[in-house]
Amino acid sequence: MLVLKEREPAARSLARSLHVCHKVFALLDGGLELADGVSDQLLLKGSQLAQAQVLLNAVFLEEEGRGQEHGTA
């Protein structure tokens, strides 16, 4: 019985530590998911801006009477 009582606090301490580790890892995972989503949004906006710039260049060239830029359809 004495051995069992000595192990109980250690087991509880281990369980608490594992619970805290689980919570920390869950928060870190959430942070990584958030960062991934933000980077995807930034890349999407960047590609949309680049496409808009190509279209604007094509329009400006057309207005100047030179036709469309090469590589755009």
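A nonpolar patch lies on the surface of this predicted model. Its members are Val20, Val24, Phe25 and Leu28, and together they contribute about 390 Å² of accessible area.

Let me take one of these residues, phenylalanine 25. Its place is in helix α1. Is phenylalanine 25 buried or exposed? With a relative accessible area of 58%, phenylalanine 25 is classed as exposed, because the threshold for that class is over 50%.

I turn now to charge. Which residues form the negative surface patch? They are Asp29, Glu33, Asp36 and Asp40. Aspartate 29 also belongs to helix α1, which spans residues 2-63. The relative accessibility of aspartate 29 is 43%, so this residue counts as partly exposed; the class lies between the limits of 20% and 50%.

Let me place both patches in the context of the whole protein. How many helices and strands does the secondary structure contain? There is 1 helix, and there are 0 strands. The chain has 73 residues, of which 3% are buried. As for the surface overall, the protein exposes about 6,700 Å², and 65% of that area is supplied by carbon and sulfur atoms.

To close, I return to the two patches: the nonpolar one includes phenylalanine 25, and the negative one includes aspartate 29. Helix α1 holds phenylalanine 25, and aspartate 29 is placed in helix α1 as well.

How values were computed
Residues numbered from 1 in each chain as written. Predicted model: local features only at pLDDT ≥ 70, side-chain atom pairs only at ≥ 80, totals over all residues. Heavy atoms only, no water. Patch = residues over 30% accessible without salt bridge, like charges linked within 9 Å, V, L, I, M, F, W, Y side chains within 5 Å. Areas by Shrake-Rupley, 256 points an atom, 1.4 Å probe, with all protein chains shown as cover. Salt bridge = Lys/Arg side-chain N within 4 Å of Asp/Glu carboxyl O. Lys, Arg positive; Asp, Glu negative; His and termini not counted. Charge placed at Lys NZ, Arg CZ, Asp CG, Glu CD. Helix = DSSP H or I, 4+ residues; strand = E, 2+ residues; numbered from the N terminus. Buried < 20%, exposed > 50% of the residue type's maximum accessible area, 1.4 Å probe, protein only.
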